[in-house]
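Here are some notes to read alongside the structure, written for someone opening it for the first time. Take the points in order and keep the 3D view to hand.

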Amino acid sequence: MNVNHKSDFRKSCIKKLEFSSRFSKFYKDKIIIKKLENLIDKSKAKNILLYIPLGTEVDTKPLINKLRKNKNKNIYVPFMYEDSFKIVKYRLPLHRKKFGIKEPNNSFYKAQKIDMAIIPIVGVDIIGKRIGFGKGMYDRFFDRLGYKPILVFTQLTLCKSDEILSEKHDIQADYIITS
Ligand SMILES: Nc1nc2c(c(=O)[nH]1)N(C=O)[C@@H](CNc1ccc(C(=O)N[C@@H](CCC(=O)O)C(=O)O)cc1)CN2
Ligand SMILES: Nc1ncnc2c1ncn2[C@@H]1O[C@H](COP(=O)(O)OP(=O)(O)OP(=O)(O)O)[C@@H](O)[C@H]1O
């Protein structure tokens, strides 16, 4: 696929997102969190990969805090490592790392098998493949994982292309949750 096309689309999505995250973010977040909770209930996901949000991403903190109180759920978040990340159990304290992303401390416990991954996106193309910040970290993570959890993309206001912009390695959504 035409790489320039993808990077132009990424730039325009980030602009839209910066704009849309300034208006009614609180309500959009709440709507999306409710939908995510319903999906987690319906699928009975127990081990869930979430993320600690940047300012333009859906605010997952209330969901993380709620799920953490449930003894039957294990919540994991990315811990950046070389050209991708590993996953660690969400726990305090958090530290600000590369790209302004907060992470818990490193952990040497092996993670359980993930049932569901909730993933922030910058955009999607017509076939539901993810466009992210362009570092390929999620793509590499799932490529190396060796099995496929349910992939759920979230975005405040969906930025969707009406063309195929993705490449073979780009991850594809099972569900896209937006406000
Ligand atoms: N919340 C969150 N955690 C995540 C990701 C993500 O997209 N969101 N990642 C997904 O791979 C990994 C980190 N990779 C990243 C790679 C690049 C940029 C990036 O380019 N950020 C912009 C600033 C974005 C903003 O402030 O809104 C930049 O630095 O210009 C961010 C994360 C793992 N953890
Ligand atoms: N599984 C993989 N193995 C090796 N390289 C990869 C893999 N996935 C992606 N890459 C490389 O990573 C770079 C960025 O990929 P891409 O443009 O798809 O990022 P993205 O999906 O938008 O970003 P991200 O996943 O970090 O949010 C590309 O050069 C791509 O070739």
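**Notes on two ligands and the space around them**

1. Let's start with ligand 1. By class, its shell is made up of 12 nonpolar, 1 polar and 2 charged residues. Keep in mind as you read that this is a predicted model.

2. Who sits around ligand 1? There are 15 residues around this ligand, and the ones that come nearest are I52, E57, I101, M137 and Y138. On its own, ligand 1 would expose 680 Å², and the protein buries 78% of that. Strand 2 (74-81) and helix 4 (137-145) each supply at least two residues of this shell.

3. Two polar contacts of ligand 1 are worth finding on screen. In one, a backbone N or O atom of I52 lies 2.7 Å from a nitrogen atom of ligand 1. In the other, an N or O atom in the side chain of E57 is 2.7 Å from a nitrogen atom of the ligand. So look at the backbone for I52 and at the side chain for E57.

4. Now turn to ligand 2. Its shell has 4 nonpolar, 4 polar and 8 charged residues. In total 16 residues surround ligand 2, with R10, R130, G132, G136 and D170 the closest.

5. Which parts of the chain build the shell around ligand 2? Helix 1 (3-20), strand 8 (130-131) and helix 4 (137-145) each supply at least two of its residues. Helix 4 gives the most, with 5 residues.

6. Oxygen atoms of ligand 2 are the ones to zoom in on next. A polar side-chain atom of R10 lies 2.8 Å from one such oxygen atom. For G132, a backbone N or O atom lies 2.7 Å from an oxygen atom of ligand 2. H169 also takes part, with a polar side-chain atom 3.0 Å from an oxygen atom of the ligand. Taken alone, ligand 2 exposes 650 Å², of which the protein buries 73%.

7. Where do the ligands sit? The space taken by ligand 1 is the largest pocket, and the space taken by ligand 2 is the largest pocket as well. That pocket holds about 690 Å³ of space. Its lining counts 31 residues, and R130, F133, K135, G136 and M137 are the closest to its centre.

8. A word on the make-up of that lining. The elements that give two or more residues to the lining of the largest pocket are helix 1, strand 2 (74-81), strand 5 (102-103), strand 8 and helix 4. Helix 4 has the largest share, with 5 residues. By class, the lining has 14 nonpolar, 5 polar and 12 charged residues.

9. There is enclosed space to look at too. Rolling a probe the size of a water molecule over the atoms shows where empty space is left. A search of the whole structure turns up 1 cavity of 30 Å³ or more, and the largest cavity has a volume of about 40 Å³. The residues that line it are L17, T56, E57, P120, I121, V122, R130 and F133. They divide into 5 nonpolar, 1 polar and 2 charged. You have met E57 already, as one of the residues nearest ligand 1, and R130 as one of the closest to ligand 2.

10. Finally, two backbone details that are easy to scroll past. Most residues other than glycine have a negative phi, and most peptide bonds are trans. The bond joining L92 and P93 is a cis peptide bond, with omega about 0 degrees. P93 is in the loop between strand 3 (84-89) and strand 4 (95-96). K44, a residue other than glycine, has a positive phi, near 55 degrees. You will find K44 in the loop between helix 2 (25-43) and strand 1 (47-49).

Conventions:
Residues numbered from 1 in each chain as written. Chains lettered and ligands numbered in written order. Predicted model: local features only at pLDDT ≥ 70, side-chain atom pairs only at ≥ 80, totals over all residues. Heavy atoms only, no water. Near = heavy atom within 4 Å. Polar contact = N/O pair within 3.5 Å; in protein donor to acceptor, adjacent residues only side chain to side chain. Areas by Shrake-Rupley, 256 points an atom, 1.4 Å probe, with all protein chains shown as cover. 1 Å grid on protein atoms, 1.4 Å probe; cavity = no way out; pocket = protein on both sides within 12 Å on 5 of 7 lines; lining within 4 Å. Sits in = over half its atoms within 2 Å of the grid points. Helix = DSSP H or I, 4+ residues; strand = E, 2+ residues; numbered from the N terminus. Nonpolar A, V, L, I, M, F, W, Y, C, P; charged D, E, K, R; others polar. Points joined across faces, edges and corners; volume = space filled by probe spheres on them.
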